[in-house]
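Hi everyone, thanks for having me. I'd like to walk you through one structure today, and I'll go slowly, so just follow along on the screen.

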Amino acid sequence: MKLYPLQFEPILKERIWGGEKLKTILNKPITSKITGESWELSTVEGDVSVVANGELAGKSLNDLITSNPSAILGTEVYKKFGNQFPLLFKYLDAREDLSIQVHPNDELAKKRHNSFGKTEMWYVLQADQDSKLIVGFKEDSNAAEYVENLENKTLLSILDYVAVKEGDVFFLETGTVHAIGAGLVIAEIQQTSDITYRLYDFDRVDAAGNHRELHVDLALDAINYDRIDTYKKYNKDLNQSNNVVDCPYFTTKFIPLDGTIPVNKSGDSFTVYMCVDGGYELEYEGTKFNYIKGDTVLIPADLKTFTINGKASVLEIYIS
């Protein structure tokens, strides 16, 4: 099986808080006015990505990994995770505020759900004026204070609201109480997990008049009650891979591309590129592949040497 840069069919998700920006800004083939998420690269059960381009079109990511695990994942990633693809890549459009939520760590997620935890990062692709995020507590808190405010419907008073703009990055370790605010389009990189504990949903109801399920009890011992700094400062040196996030689960770099740069990989890990602005061309063994804003591409670990050329802003993600 000859490998090449792989794109996948987007897995589109309707959400009560979703909108239409995934189409207008990121060129996704949505037909609903409440599309909240485009899962770009996933092996979550029931939502496994399928190749969209080239000779392997129609094959699932799981099929590819089963056939050639080291070639797809990389030698070191395969040693650590076996045939599991350890990351999940999404774009999100928040027309309304998302629910306030938290994700459990690896230990708790394994015990309760036989799942990875959900450490994640957000890159802000677009922000309406005055858009905000909730990221943790304003000051150090505790379970008793949290429960009291939750019961009194004053939880928002102890949470940290942060104004955001395009290009901002936030790194959310498990246990961080958080919510994406209205008016934001986000690129999200996370561990492969769909475990979310919903704490508060602004008393919203769906079309049938039902409230969404809350997970107040499950969340109590999953929350980190300390005040934490989630904002990530990073350089934007032209035609360089600038460090943004480096954690045990993934490494993310930001490439402001203007021209051509050579890329050389070790084969230890796959690489994923998310184009967050502009467009670029990737050339591998004489074949050229073109990408625009909103495209996500998986570079199998066996593809070690190639070039990228264009004028674009690109997130580069791998496991180190």
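Let's begin with two words we'll need: helices here are DSSP runs of H or I with at least four residues, strands are runs of E with at least two, and both are numbered from the N terminus. With that in hand, the protein has seven helices and 19 strands. Please keep in mind that this is a predicted model.

Now the overall shape. The C-alpha trace spans about 65 × 40 × 40 Å along its principal axes. How does the radius of gyration compare with that of a compact globule? For 320 residues a compact globule would come out near 20 Å, and the protein has 20 Å, so the two agree. Of those 320 residues, 54% count as buried. And if you take the contacts with a separation of 6 or more, 74% of them are between residues 24 or more positions apart.

Let's go inside. The largest nonpolar core has 63 residues, and the members that touch the most others are Phe85, Tyr123, Tyr273, Tyr280, Leu282 and Leu298. Which strand gives the largest share of this core? That is strand 16, with eight residues. To get a feeling for one member, click on Phe85: setting aside residues up to four places away in sequence, Phe85 touches Leu41, Thr43, Leu61, Ile65, Leu73, Thr192, Phe270 and Leu298. There is also a second, separate core of 20 residues, and among its members are Leu108, Phe137, Leu155 and Ala179.

Next, the aromatic rings. The count comes to 11 aromatic pairs. Let me show you two of them. In the pair of Phe171 and Phe250, the ring centres are 6.3 Å apart and the planes stand at 80°; an angle over 60 degrees counts as edge-to-face, so that is what we call this pair. Where do these two residues sit? Phe171 is in strand 10, residues 169–172, while Phe250 is in the loop between strand 14 (242–246) and strand 15 (251–264). They are 79 residues apart, so to speak a link between distant parts of the chain. Are they buried or exposed? Phe171 has 14% relative accessibility, and because buried means under 20%, Phe171 counts as buried. Phe250 is buried too, at 0%.

The second pair is Tyr273 with Phe306. Here the ring centres are 6.3 Å apart and the planes are at 85°, so this pair is edge-to-face as well. Tyr273 belongs to strand 16 (residues 271–284) and Phe306 to strand 19 (residues 305–318), so the pair ties together parts that are 33 residues apart in sequence. Both Tyr273 and Phe306 are buried. You may remember Tyr273 from the list of residues with the most contacts to other members of the largest core. Another name from that list, Tyr123, forms one aromatic cluster with Tyr234 and Phe254.

Now a lysine I'm fond of. Lys13 lies in strand 1, residues 11–19. Is Lys13 buried or exposed? Its relative accessible area is 15%, so Lys13 is buried. What does the charged end of Lys13 sit over? You'll find it over the ring of Trp39, 4.6 Å from the ring centre. The side chain of Lys13 also makes a polar contact with the side chain of Asp47, at 2.8 Å. Beyond its neighbours within four places in sequence, Lys13 is in contact with Ile34, Thr35, Gly36, Glu37, Trp39 and Asp47.

Let's look at helix 5, residues 106–113. At its start, a side-chain oxygen of Asn105 comes to within 3.2 Å of the backbone nitrogen of Glu107. After helix 5 comes Asn114, with a positive phi near 50°.

My last stop is the loop between strand 13 and helix 7. Phe202 lies in this loop, and its phi is positive, near 60°, in a residue other than glycine. Asp203 is found there too, with a positive phi of about 60° although it is not a glycine. Phe202 is partly exposed at 24% relative accessible area, and Asp203 is partly exposed at 41%. Asn210 is in this loop as well; Asn210 is partly exposed, at 42%, and touches Arg204 and Val205, not counting residues up to four places away in sequence.

That's my tour. Thanks for listening!

Conventions
Residues are numbered from 1 along each chain as its sequence is written. This is a predicted model: local features need pLDDT of at least 70, side-chain atom pairs count only at pLDDT 80 or more; totals for chains, interfaces and linings use all residues. Side-chain values use heavy atoms; hydrogens and water are left out. Rings of Phe, Tyr and Trp (its six-membered ring) pair if their centres lie within 6.5 Å; planes under 30 degrees apart count as stacked, over 60 as edge-to-face and the rest as tilted. Buried means under 20% relative accessible area, exposed over 50%, partly exposed in between (1.4 Å probe, protein chains only). A charge sits over a ring if NZ of Lys or CZ of Arg is within 6 Å of the ring centre and within 35 degrees of the ring normal. A nonpolar core is a set of buried Ala, Val, Leu, Ile, Met, Phe, Trp, Tyr and Cys residues joined through side-chain atoms within 4.5 Å. Contact means heavy atoms within 4.5 Å. A polar contact is a pair of N or O atoms within 3.5 Å; within protein, one must be able to donate a hydrogen and the other to accept it, and residues adjacent in sequence count only if both atoms are side-chain atoms. The radius of gyration is taken over C-alpha atoms; the globule rule is 2.2 Å times the number of residues to the power 0.38.
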